[in-house]
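Here are some short exercises to work through with the model open beside you. Try each task before you read its solution.

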Amino acid sequence: MEPALPLAGTAVVLRDGAHGLETLMLRRPATGSFADAWVFPGGKVEPADGDPAEAERDVAAHAAVRETLEETGIRVADAVALSLWTPPAQAPVRIRTWFFIARDLGDDVHINPGEIVDAVWCAPEETLRRHAAGELVLFPPTWVTLHGLIGHDRVADVYAATGEPGRFATRIAGEP
């Protein structure tokens with residue numbers, strides 16, 4: 001049996017913008033994990049996120065909320081599980097990651113320069129358009145999540161449509 005993988009939590013921070021639904025997108029530095037990619041706030045579960053005996057989803061939700069505050073200076077509320085991503089066995093770093101939708105509480109974004117180099121509120125369609133045009137890099141979990149938000153005009157619409165979390169197992173291109 002494979003040992004348990006480390007856990008992480010990611011917050012898909014949502015707000016109602018002037019022209020509809022927006023997500024908070026963060027660009028990582030050119031070195032390190034997800035180098036130069038645009039991502040949602042998040043990171044690994046730490047001991048302060050909860051008792052290991054708690055449900056992993058709950059502990060990962062605490063991590064998503066904490067990491068959002070650390071990376072952006074904003075508070076979020078109403079974290080609801082959206083998906084769970086498990087990397088392939090061949091991946092050099094393997095961390096099971098829960099994605100949560102979370103409601104923006106209206107704080108100003110103040111990026112942590114050690115972890116983030118830019119931040120923008122953007123409609124999911126616009127982020128995907130910029131990715132398709134080669135203007136920004138998205139990794140598969142972010143790309144799939146953004147596609148799932150298309151067609152929702154307001155934050156309330158996303159919450160109303162959220163059901164059982166999707167479960168995804170990624171693979172490395174060219175590998176069986």
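**Exercise 1. Find the element that holds alanine 63, decide whether this residue is buried or exposed, and list what it touches.**

Step 1. Alanine 63 sits in helix 1, which covers residues 56-72. Helices here are DSSP runs of H or I with at least four residues, strands are runs of E with at least two, and both are numbered from the N terminus.

Step 2. Its relative accessible area is 0%, so alanine 63 is buried. The cut-offs are under 20% for buried and over 50% for exposed, with partly exposed in between (1.4 Å probe, protein chains only).

Step 3. Leaving out residues up to four places away in sequence, alanine 63 touches Gly9, Gly43, Lys44, Val45 and Asp49. Contact means heavy atoms within 4.5 Å.

Step 4. For a sense of distance, the C-alpha atoms of alanine 63 and alanine 132 are 30 Å apart, with their positions 69 residues apart along the chain.

Before going on, a word on the source: this is a predicted model, in which local features need pLDDT of at least 70 and side-chain atom pairs count only at pLDDT 80 or more, while totals for chains, interfaces and linings use all residues. Residues are numbered from 1 along each chain as its sequence is written, and side-chain values use heavy atoms, with hydrogens and water left out.

**Exercise 2. Which residues have the most contacts inside the largest nonpolar core, and which elements give two or more residues to this core?**

Step 1. A nonpolar core is a set of buried Ala, Val, Leu, Ile, Met, Phe, Trp, Tyr and Cys residues joined through side-chain atoms within 4.5 Å.

Step 2. The largest one has 19 residues, and Val13, Leu24, Ile74, Trp98 and Phe100 have the most contacts inside it.

Step 3. Two or more residues come from each of strand 1 (7-17), strand 2 (20-27), helix 1, strand 5 (76-86) and strand 6 (96-104).

Step 4. Apart from this core lies another, of 17 residues, including Val12, Leu14, Trp85 and Phe99.

**Exercise 3. How many aromatic pairs are found in the whole structure, and what is the geometry of the pair formed by phenylalanine 34 and phenylalanine 139?**

Step 1. Rings of Phe, Tyr and Trp (its six-membered ring) pair if their centres lie within 6.5 Å; planes under 30 degrees apart are stacked, over 60 edge-to-face, and the rest tilted. The search finds five pairs.

Step 2. The ring centres of phenylalanine 34 and phenylalanine 139 are 5.1 Å apart and the planes meet at 85°, so this pair is edge-to-face.

Step 3. The two residues are 105 apart along the chain: phenylalanine 34 is in the loop between strand 2 and strand 3 (38-39), phenylalanine 139 in the loop between helix 2 and helix 3.

Step 4. Both sit partly in the open: phenylalanine 34 is partly exposed at 43%, and phenylalanine 139 is partly exposed at 33%.

Step 5. Now compare phenylalanine 40 and phenylalanine 99, an edge-to-face pair with 6.3 Å between centres and 90° between planes. Phenylalanine 40 is in the loop between strand 3 and strand 4 (42-44), and phenylalanine 99 is in strand 6. Both of these residues are buried.

Step 6. Ring pairs also join Phe40, Trp85, Phe99 and Phe168 into a cluster.

**Exercise 4. Which backbone angle stands out at aspartate 78, and what is the salt bridge partner of this residue?**

Step 1. Most residues other than glycine have a negative phi. Aspartate 78 is not a glycine, yet its phi is positive, about 60°.

Step 2. Aspartate 78 lies in strand 5 and is partly exposed, at 44% relative accessibility.

Step 3. Its side chain meets that of arginine 103 in a salt bridge, at 2.9 Å from N to O. The rule asks for a side-chain nitrogen of Lys or Arg within 4 Å of a carboxyl oxygen of Asp or Glu.

Step 4. Arginine 103 is in strand 6, 25 residues from aspartate 78, and is partly exposed at 29%.

**Exercise 5. Which salt bridges does arginine 129 form with glutamate 126 and glutamate 135, and at what distances?**

Step 1. Arginine 129 meets glutamate 126 at 2.8 Å, N to O. Both lie in helix 2, three residues apart, about one turn of the helix.

Step 2. Glutamate 135 also bridges to arginine 129, with the closest N and O atoms 3.7 Å apart.

Step 3. Glutamate 135 is partly exposed, at 45% relative accessibility.
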